[in-house]
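Ready for a bit of practice? Grab the viewer and work through the two exercises below.

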Amino acid sequence: MAATDIERGLSTAEVEERIAAGKINRNMELKTKSVKELIIENLCTLFNLINVILAFLVILTGSFKNLTFLFVVFLNTAIGVIQSMRSKKMVDKLTLLTSKKAIAVRDGSEVELDLDQIVLDDIIRLGRGDQIPADAVVVSGEALVNESLLTGESDLIKKQPGSELMSGSFIDSGLLRARVIHVGADNYVAKINNEAKYVKKVNSEIMNALNAIVRFASIIMIPLGLALFASSVSELWDAAGTPGDSALSWCFSELLAGHVPSSALLSTVGALLGMIPQGLVLLTSSVLAIATVRLARRKVLAQQLYCIETLARVDVLCLDKTGTITSGRMEVEGTYPLPVEGMGVGEIDAAVPVDTTVLDFALANVARATSADANETCQALLNYYADRPVEVSEPLSVIPFSSSKKWSGASFAQGSYVMGAAQFVLSERAFSQVENRVAELADTCRVLVVARVDGFTPDGDMVGEAEPVGFVTIRDEIRTSAAETIGYFNEQGVTLNVISGDDPRTVSSIARVVGVPGADAYVDATTLDTPAKLDAAVDRYHVFGRVTPQQKRELVQALKRREHTVAMTGDGVNDVLALKEADCSVAMAAGSDAARNVAEIVLVDNDFASMPAVVAEGRRSINNLQRSASLFLTKTLFSMGLAALCIALPPYPFEPIQMTLINFFCIGAPGFVLGLEPNNARVKGSFLTNVLKRALPASIAVILAAALDIFVARVFGFNQLTLSTMCLLTSCAASVSLIWRISQPLTPLRVVLFVFVVAGILTGVIGFPKLLSIANLTMGQMVILAVIVAFTCSVFFKLATMMDSLKPRRRHAATGFGRGVRVRLGRGGGKVSSTGSTAERFAKRVAADMAQRREARTVREAEARALEGVAQAQPKKKKGTGAKRSRVTKSAQGIKVSMPSKKKK
């Protein structure tokens, strides 16, 4: 673009032409879900659907008091919606995609525009602290740019005319004008965000187990429900004197007459409700919701409930260096004084205090003298000497840092000093004398030389040959808690991988400092130019440098193919793809909007040390839920078994009031107490397998006991009240045995709980026989009951021991023939199945069509916004080019906003 065009920018007609062509900078940020989407997501579940259908059947009978089970459904849904809304509100507060305005040159004047009002070929002005709103090329001026959020590279990149600027990066220092070359979806940031816009399936064993249980129950409920209803209708038909040709025709005639078989429907719904693990679903939501509240107090935001569980199961943790292990700031690693040849010490430091080295004096005072435009290196020196007693000297002249000179300097009464890159400060002779020392220090840090010169020319050049007085090493500031946190994960047996866009040598040195195992072996990802090389590197290395965003995702995919549960931490746009792919993703609040929005966990205080607390909460939740879930699942399983048994051998042995006793003392109370107690044991095995191993023995024991009770009642002619009493007590015996087993090892709390359960059952049976429909048993009946109870407990403990001895199933994943293939290797041999299906492909096509329609709507809205910008760009009066505006910059503590001061009138 010609010089005149740079000053004039685009005309109004040219802007309108580009808007008409759709060349506008549409907002392509990853956004949080809307309130409507969150409500629908939590409301439209299979669990809710089943309960709504059962509620409808109850409403038909007119027995509204039996709708109390809907309270559990409402409470569970409310917990999910409230937690989702809370997370959305927190993330939306954190989302300040830095500066929301940009300065563009149009019709020869500088105007302030919203980011989505920029068009292709706009000339934009960028200064220190500005975030680049769109990909552009520099047309005038120069600046140092921080691209760490995009590439992971911590070094500042010099940009001059002809250099390309990537959207999302920051101007660290300097002033320039640039021409926009990409807008909207063509921007670098937008391309990465678009790749991350697929819906990630939550990898939660607890959620998958609950869904599997509900799906199984929903399938089994249909035939059992129909059979139970038919059996109940048949009894009603017999009681009515068998009118009509059959029970079915009689039932239809009653319905047509407006007479609903209420007792049949209620008994069927009552049996079916026992098959749905309502309490387990509510307990899971409650335990995880409490965990998120606890984490919130530690400044950790869990954006969805089940991510806490996933992190507790992680066996590979992939760490991003910048922002995770390091704070994003620079720090002084050390200072290394040198003797100066050819000059006596007294000549050099005659005016320097005797308790201060020349090196310290030069570093501290040159940094203070150039602090007006301090870069990261200067700021590190200022922080280093802030608490050190180095005399402050008034500078006589100051030479600020220049990207062309690669050094800065200042003159004082005590002498003139420069600091910068040794190759640029020292002559070839002087550099050759210290080259080996520089190389040694540069292995882990950035090295600057400090040298004494005779002075400076009016043009800012050094006078005389620079004589080195020492070195200072600068490195990324490592978080004080990083080593301790890394040590924690090492102790837990979690494999650690450091994946960064920075130089692999730098990444390796930092990984060694914090104690990452295998940090000495590193690889430059630019050499991993084929999928095979990258896949092989996963097994050989734990430190990866120069990694692109796509390679980060491929590394996570490779680990997942090896059946690992992978967590990924990051804060930049370059981490988004890997964060989305990982089983559990963790982002820093001070990072990019995209990283925060795709992550399941956000560390609000940007402190990696919070991770062990998340793991501890996950372990507590999983281990406690595994114990408590076995109680709830026992009821579900034996309800199904008894329903099937009672179709052939009616009637159903339990009365609803008796189930209340079991629900409270044998399931509800112990389940919630055990579900909330402290537990930091390592998570072992599959959630559903562990629960079934505990629940199946008790369920089988209850079903066998009930069958034996029914047999004995038929043989000896016991009445229905006696039968229900025997079934109640034998079921309680099996449940108490299960509570005893899952309470091991015993703690004071568990002993109190066990005593409470036993005392509660005895109090109910002995103290309230009429309320609970308990029969007054004879001595003979009590002896028979004692034998059945002993048999029930014996069967339970025998089956439980057998379950514990079973070996876990092994699973391995493979791919082939263009579709995912799942290979299961178990005790009974192998099984191969496809992961794809026609229904899944159809669902994906429907989702793609909906996304396309949303995209078209977004385009129309963006065009309207850009036209508003054209109207706003017409200046009402001539304004100066030096308009003050707010500056938003990224810092280690979060996002720093500097507002312009208002002048007093």
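Here come two exercises, one on a strand and one on a pair of helices.

This is a predicted model, where local features need pLDDT of at least 70, side-chain atom pairs count only at pLDDT 80 or more, and totals for chains, interfaces and linings use all residues. Residues are numbered from 1 along each chain as its sequence is written, and side-chain values use heavy atoms, leaving out hydrogens and water.

**Exercise 1.** Work out how strand S21 (residues 566–570) is buried and which strands it pairs with.

*Step 1.* Five of the five residues of S21 are buried (under 20% relative accessible area, 1.4 Å probe, protein chains only), so the strand is largely enclosed by the rest of the structure.

*Step 2.* Now split the strand by face: Val566, Met568 and Gly570 lie on one side, Ala567 and Thr569 on the other, and all are buried.

*Step 3.* Look for partners. S21 runs parallel to strand S9 (residues 316–319), joined by three bridges, and Val316 stands opposite Val566. Four bridges link S21 to strand S22 (residues 584–588), also parallel, with Val586 as the bridge partner of Thr569.

*Step 4.* Follow the chain from S21 through helix H22 (residues 576–581) to S22: this β-α-β crossover is right-handed.

**Exercise 2.** Describe how helices H27 (residues 720–742) and H29 (residues 779–805) cross and meet.

*Step 1.* Their axes come within 9 Å and cross at roughly 35°; the crossing is right-handed.

*Step 2.* Find the contacts (heavy atoms within 4.5 Å). Residues of H27 including Met726, Leu729 and Trp740 meet a set in H29 that includes Ile788, Phe796 and Phe797.

*Step 3.* Sort by class: the contact has 14 nonpolar, six polar and two charged residues.

Technical notes. Axes fitted to C-alpha atoms, helices over the stretch in contact; angles between N-to-C directions. Helix = DSSP H or I, 4+ residues; strand = E, 2+ residues; numbered from the N terminus. Left-handed = near helix turned anticlockwise from the far one by under 90°. Nonpolar A, V, L, I, M, F, W, Y, C, P; charged D, E, K, R; others polar. Buried < 20%, exposed > 50% of the residue type's maximum accessible area, 1.4 Å probe, protein only. Pairing = 2+ DSSP bridges. Right-handed = clockwise from strand over helix to strand, strands pointing away.
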